[in-house]
Amino acid sequence: MNELIPQSSKELLSTIGNYAKKLGLSAWVVGGAVRDFYLGKITEDVDLVFDATQESVAGFCVRTWGGEKHRFSQFGTFRVKLNNGLKLDLARLRKEKYIFPGALPEVTFTTQLKEDLFRRDFTVNSWALSILPETFGKSCDPYGAQKDIDSGLIRILHEKSFLDDPTRIFRAIRFAGRFGWKLAPKTERLLRQAVRDEYPLLVSRDRFCRELMKILEEEKIKEIFELLQKYDLLKFAWPNLKYHVALEKTQDSQVRLGILVLSLKDKGEDFLKSLRPTKKMSHEILSVLRLVQQEVCPLSPLSEYQRTLLQLFLPHLPSHALEPCFIHGRELQTFGLFGRRISGVLKKVRYAQWHGEISSREEAIKLIS
Ligand code: ATP
Ligand code: MG
């Protein structure tokens, strides 16, 4: 009965299940974790659901294994980060009603696991296993998760799913790319329709950005971009956004974001700003964008992040292109240059250094005189 829960998670989940039983709760592991258990993949983020208030379970987990907890939504969901790296999301069973497409739903609690599973994105993520002692590992799979995982199919649970929450369009593509799965025929038809009707525009830019960043964290980035291109979804991220080969050369989502910005050339700045990056990230990426556009070496040392970004985006750049300019602007005065001529000459040196036409300070000085 309990063969789906891997050995490595048994102790943790049965300890939580025993505690839940003492409180008179029913408890299940649910969603992506069950999918990953079945696929034999390691999962570091485990969703648990309970049929009544589960608040004290979060405290119990922290007391037992060490870590920290915080409440992260108004629906009483707790996130527990354990010291061993595991992340638990503890939620109460709920159903959702979407009043406005793309907006957050109206949530009510339920005691029916089936209703909670029905509000989820795809059948493959709508599978639950009991963690109570006497039914440990017992499967609840009312919508055919196991069958769809076996056939590698992403299937929404009802016709209005993409309208209710258009972020699911991007989630569908992300999972299809990650696992090499296909969209079930009707899901594919509804997804295409959702794109034609521009449902992704119903989602706030903030929610959209979070989905985009999750995509940029994926290993199978090329496959996912191919699908985004196939279903004409990249335009919702930014007009003319395309896959760039450098994306595959790193797994760092921030570097990948930088690559996308650079690939958009003079439109890159607006794209980046629309994602509301931190000040630091914005500064780091935009200063690299300016170097690339002006084809000049930097004036001061680049950060590790900036170096990586440039090296990946322009792998054939001469190594000195990434180093600060051989000559300092104020030094140029000693060569008898003033005012505008200084910036003109400095630009000439920086351009030559970027293109590998000079490779030492001496050569830079020769260029000035
Ligand atoms: P990952 O492996 O990327 O973490 P996941 O399937 O675990 O994938 P999460 O974003 O961690 O996805 O969400 C956990 C679960 O919550 C999902 O498996 C799914 O059941 C449900 N879920 C998440 N986002 C949505 C959504 N937009 N609509 C409906 N259900 C969702
Ligand atoms: Mg998850």
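What span should the 13 residues of helix α7 (residues 167-179) have at 1.5 Å a residue, and how far apart are its end C-alpha atoms? In this predicted model, the expected span is 18 Å and the end C-alpha atoms of α7 are 18 Å apart, so the two values agree. Most of α7 is covered, with 11 of its 13 residues buried. Among the buried residues of α7 are the aromatic side chains Phe-170, Phe-175 and Phe-179, together with Ile-169 and Ile-173. Two arginines of the helix, Arg-168 and Arg-174, are buried as well, as are Thr-167, Ala-172, Ala-176 and Gly-177. Just after α7 comes Gly-180, which has a positive phi near 70°.

Phe-170 leads on to the next feature, for this residue of α7 is buried and also helps to line the largest cavity. The structure holds 1 cavity of 30 Å³ or more, and the volume of the largest cavity is about 70 Å³. Besides Phe-170, its lining includes Phe-208, Glu-211, Leu-212 and Ile-215. Leu-228, Leu-233, Leu-234 and Ala-237 also take part in this lining. Two helices, α9 (205-216) and α11 (234-237), each supply at least two of the lining residues. The most comes from α9, which gives 4 residues. By residue class, the lining of the largest cavity has 8 nonpolar residues, no polar ones and 1 charged residue.

An open space of another kind is found elsewhere in the chain. The second largest pocket holds about 280 Å³ of space. It is lined by 16 residues, of which Ser-8, Ser-9, Ile-42, Thr-43 and Leu-86 are the closest to its centre. Helices α1 (7-22) and α2 (32-39) are the elements that give two or more residues to this lining, and α1 gives the most, with 4 residues. The lining of the second largest pocket divides into 6 nonpolar, 6 polar and 4 charged residues.

Turning to the strands, an open sheet is formed by 7 of them, with mixed pairing, in the order β3-β4-β5-β2-β1-β8-β9. The edges are taken by β3 and β9 (139-140); each has a single partner strand, so one side of each is left without a neighbour in the sheet. At the β3 edge, strand β3 (residues 67-71) pairs with strand β4 (residues 78-82) in the antiparallel sense, over 5 bridges. One of the contacts to look for in the structure is Arg-71, whose bridge partner in β4 is Phe-78. The hairpin of β3 and β4 has 6 residues between the strands, and Gly-76 there takes a positive phi near 75°. Elsewhere in the sheet, strand β1 (residues 27-30) and strand β2 (residues 45-50) run antiparallel and are joined by 4 bridges. Here Val-29 stands opposite Leu-48 in β2.

At the level of the whole chain, the protein is divided into domain 1 (1-145), domain 2 (152-237), domain 3 (249-310) and domain 4 (325-368). The C-alpha centres of domain 1 and domain 4 lie 62 Å apart.

Notes:
Residues numbered from 1 in each chain as written. Chains lettered and ligands numbered in written order. Predicted model: local features only at pLDDT ≥ 70, side-chain atom pairs only at ≥ 80, totals over all residues. Heavy atoms only, no water. 1 Å grid on protein atoms, 1.4 Å probe; cavity = no way out; pocket = protein on both sides within 12 Å on 5 of 7 lines; lining within 4 Å. Points joined across faces, edges and corners; volume = space filled by probe spheres on them. Nonpolar A, V, L, I, M, F, W, Y, C, P; charged D, E, K, R; others polar. Pairing = 2+ DSSP bridges. Domains from an automatic or database assignment. Expected span 1.5 Å × (residues − 1). Buried < 20%, exposed > 50% of the residue type's maximum accessible area, 1.4 Å probe, protein only.
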